[in-house]
Amino acid sequence: RTESDDSAVNASSGSDARDKVINMLANALRTDGEGKEVNRSKARSLASDIEESLYAECADEDKYKAQAQKLKYNMMKFGEFRHRVVTKELLGEELATMDSADMVSAEVRSRREAAAEEEFKDRHNTSEVLALREAAEGPVMKATDQGLEGERER
């Protein structure tokens with residue numbers, strides 16, 4: 001371990017809350033998503049860059065914390081996402097504003113899209129079936145003192 005490694009690992013933002021976020025993100029970046037361990041100073045440096053972007057982007061503390069938690073969760077869960085962060089395919093500016101749906105793996109994204117498409121088909125087919133059923137049943141008739149009258153609404 002070199003002196004530069006120690007200074008990168010021990011770098012501080014000057015705020016306990018911000019340091020906690022940096023440590024949380026650095027821990028999530030311990031591996032690169034493909035099973036290879038990431039150098040501690042590199043993980044800390046990446047986490048620090050991400051945290052700076054988060055701090056600059058998120059106006060209020062709740063939004064800042066929520067985005068940091070989303071990033072940590074998705075980096076821990078999705079190796080493909082973590083790999084994109086470690087290889088700097090995704091930069092801090094993008095990560096600070098990224099939606100959770102964009103953080104998931106391609107497999108999960110395709111499953112979600114297929115489920116949404118299936119739900120759309122079900123909803124569309126249901127309205128078609130109802131329209132066909134009404135057309136097949138014909139108008140609803142109501143007996144009145146003047147005879148039978150057709151109703152348009154049910």
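A search of the whole structure, which is a predicted model, finds 1 aromatic pair. Its members are Y55 and Y64, set edge-to-face with 6.1 Å from centre to centre and 90° between the planes. An angle over 60 degrees counts as edge-to-face, so the 90° between the planes of Y55 and Y64 places the pair in that class. The two partners can also be described by their accessibility. Y55 is partly exposed, at a relative accessible area of 48%, whereas Y64 is buried, at 6%.

**Overall architecture**

The chain contains 8 helices and 2 strands. Along the sequence these elements follow the order α-α-α-α-α-α-α-α-β-β, with the helices preceding the two strands. The chain has 154 residues, of which 29% count as buried.

**Salt bridges**

Side chains of opposite charge can pair when their charged atoms come close. The structure holds 4 salt bridges, and the table lists three pairs from among them.

| Pair | N to O distance | Location |
|---|---|---|
| E51 and R18 | 2.6 Å | helix α3 and helix α2 |
| K65 and E61 | 3.0 Å | helix α4 |
| E107 and R111 | 4.0 Å | helix α8 |

The side chains of E51 and R18 meet at 2.6 Å, N to O. E51 belongs to helix α3 and R18 to helix α2 (residues 16–28), so this salt bridge ties together parts of the chain that are 33 residues apart in sequence. Both partners are buried: E51 has a relative accessible area of 1%, and R18 has one of 15%. Buried means under 20% relative accessible area, and therefore R18, at 15%, falls within that class.

The pair of K65 and E61 has a separation of 3.0 Å, N to O. Both residues lie in helix α4 (residues 61–77), 4 residues apart, or about one turn of the helix. K65 is partly exposed, with a relative accessible area of 42%.

In the pair of E107 and R111, the closest N and O atoms are 4.0 Å apart. These two residues are likewise placed within one helix, α8 (residues 106–137), where a spacing of 4 residues separates them by about one helical turn. E107 counts as exposed at 54% relative accessibility, and R111 is exposed as well, at 52%. The cut-off for exposed is over 50%, which means that E107, at 54%, meets it.

**Negative surface patch**

On the surface, D49, E52, E93 and E94 gather in a patch of negative charge. The elements that each give two or more residues to this patch are α3 (40–57) and α6 (92–97). D49 has its place in helix α3 and is partly exposed, at 39% relative accessibility. Patch residues need over 30% relative accessible area, so the 39% of D49 satisfies that requirement. Helix α3 thus appears in two settings: E51 in this helix takes part in the link to helix α2, while the helix also contributes to the negative patch.

**A contact between distant parts of the sequence**

V86 is found in helix α5 (residues 79–86). At 6% relative accessibility, V86 counts as buried. V86 and D32 are 54 residues apart in sequence, yet their C-alpha atoms are 5.9 Å apart in space.

Technical notes. Residues numbered from 1 in each chain as written. Predicted model: local features only at pLDDT ≥ 70, side-chain atom pairs only at ≥ 80, totals over all residues. Heavy atoms only, no water. Patch = residues over 30% accessible without salt bridge, like charges linked within 9 Å, V, L, I, M, F, W, Y side chains within 5 Å. Areas by Shrake-Rupley, 256 points an atom, 1.4 Å probe, with all protein chains shown as cover. Lys, Arg positive; Asp, Glu negative; His and termini not counted. Charge placed at Lys NZ, Arg CZ, Asp CG, Glu CD. Buried < 20%, exposed > 50% of the residue type's maximum accessible area, 1.4 Å probe, protein only. Phe/Tyr/Trp six-rings, centres within 6.5 Å; stacked < 30°, edge-to-face > 60°.
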